[in-house]
Amino acid sequence: MRVVITGASGFLGSVIARRLTDAGLSTLRVSRRRLPGFLKVATYADSPLADVLIHLAEVNNRSRVNQLSVEYEHEALSTIHALLEKGYGRVIYASSSAVYGDEVCMPHIESEPVRATDTYTRVKLISE
């Protein structure tokens with residue numbers, strides 16, 4: 001099984017890539033920067049096809065995303081649509097607990113209601 005991981009240089013991506021590789025899976029780490037052991041792409045939409053895509057490559061700074069607003073939303077959603085059109089066997093997408101709101105600081109369960117309160121959470125929910 002071949003797994004493509006976007007955002008593999010980040011905190012989650014690096015741990016996931018290492019664990020999958022240690023488990024004997026063929027992993028391809030994708031980046032927009034030139035890094036040793038990574039496939040460099042101009043845009044994540046250029047990521048190659050594989051059995052599984054783990055898409056982690058998005059801006060994780062909520063304030064920055066909200067500042068970029070519609071520009072970021074268009075870019076992120078165009079990327080996810082392009083990736084989905086490739087036909088990966090499975091796609092794993094990292095969303096955010098922010099979609100459950102910021103009123104309480106405790107773990108959430110998947111059945112709780114979600115809502116888009118800003119660009120960041122809107123992109124996460126649409127991408128899910």
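## Close-up views of a predicted model

**View 1. The largest nonpolar core takes in Val4, Leu28, Val30, Val41, Tyr44, Ala50, Leu53, Ala57, Leu83 and Tyr88.** That makes 10 residues in all, and keep in mind throughout that this is a predicted model. Val4 is a handy place to start looking around. Setting aside residues up to four places away in sequence, Val4 touches Leu28, Val30, Ser47, Pro48, Ala50, Val52, Leu53 and Ile54. There is also a second, separate core, this one with 9 residues, including Ala76, Ile80, Tyr93 and Val123.

**View 2. Step back for a moment and the whole chain shows 4 helices and 5 strands.** Starting at the N terminus, the elements go β-α-β-β-β-α-α-β-α. The radius of gyration is 15 Å, close to the 14 Å that the globule rule gives for 128 residues, so the chain is as compact as a globular protein of that length. Picture a box of roughly 40 × 30 × 25 Å along the principal axes, and you have the space that the C-alpha atoms fill. Of the 128 residues, 35% are buried. The chain exposes about 7800 Å², with carbon and sulfur atoms supplying 53% of that area. Contacts often reach a long way along the sequence: take those between residues at least 6 apart, and 63% of them join residues at least 24 apart.

**View 3. Five strands line up as an open sheet in the order β3-β2-β1-β4-β5, with parallel pairing.** At the edges sit β3 (38-40) and β5 (90-93), each of which pairs on one side only. From one strand to the next, the twist averages 25°. Helix α3 (residues 70-86) packs on this sheet and touches both β4 (52-55) and β5. The direction of α3 makes about 170° with that of β4.

**View 4. Zoom in on β1 and you find strand partners in β2 and in β4.** As general background, strands of a sheet pair through backbone hydrogen bonds, either parallel or antiparallel. Here, β1 (residues 2-6) and β2 (residues 26-31) run parallel and are joined by 5 bridges. The pairing of β1 with β4 is parallel too, with 4 bridges. Val4 turns up again in this view: Val4 stands opposite Leu28 in β2, and Val4 also stands opposite Leu53 in β4. Leu28 and Leu53 are both familiar from the largest nonpolar core, along with Val4 itself.

**View 5. Strand β4 sends its side chains two ways, and the four residues picked out here are buried.** Val52 and Ile54 point one way, while Leu53 and His55 point the other way. Next door, β4 pairs with β5 in the parallel sense, over 4 bridges. His55 has Tyr93 of β5 as its bridge partner. Tyr93 also belongs to the second core.

**View 6. Out on edge strand β3, Leu39 gets a close-up of its own.** Is Leu39 buried or partly exposed? With 32% relative accessibility, Leu39 counts as partly exposed, because buried means under 20% and exposed means over 50%. Beyond residues up to four places away in sequence, Leu39 touches Leu28, Arg29, Val30, Ser31 and Pro48. One of these, Arg29, is 10 residues from Leu39 in sequence, and the two are 6.1 Å apart in space, C-alpha to C-alpha. Leu28, Val30 and Pro48 are also among the residues that Val4 touches.

**View 7. Thr121 sits in helix α4 (residues 119-127).** Its relative accessibility is 0%, so Thr121 counts as buried. Which residues does Thr121 touch, not counting residues up to four places away in sequence? They are Arg62, Ala98, Val99, Arg115 and Ala116.

**View 8. Follow that last contact to Ala116, in the loop between β5 and α4.** Ala116 counts as partly exposed, at 43% relative accessibility. Leaving out neighbours within four places in sequence, Ala116 is in contact with Thr121, Arg122 and Leu125. Ala98, another of the residues that Thr121 touches, is 18 residues from Ala116 in sequence. In space, Ala98 and Ala116 are 8.8 Å apart, C-alpha to C-alpha.

How values were computed: Residues numbered from 1 in each chain as written. Predicted model: local features only at pLDDT ≥ 70, side-chain atom pairs only at ≥ 80, totals over all residues. Heavy atoms only, no water. Pairing = 2+ DSSP bridges. Axes fitted to C-alpha atoms, helices over the stretch in contact; angles between N-to-C directions. Contact = heavy atoms within 4.5 Å. Rg over C-alpha atoms; globule rule 2.2 N^0.38 Å. Buried < 20%, exposed > 50% of the residue type's maximum accessible area, 1.4 Å probe, protein only. Areas by Shrake-Rupley, 256 points an atom, 1.4 Å probe, with all protein chains shown as cover. Core = buried A, V, L, I, M, F, W, Y, C linked by side-chain atoms within 4.5 Å.
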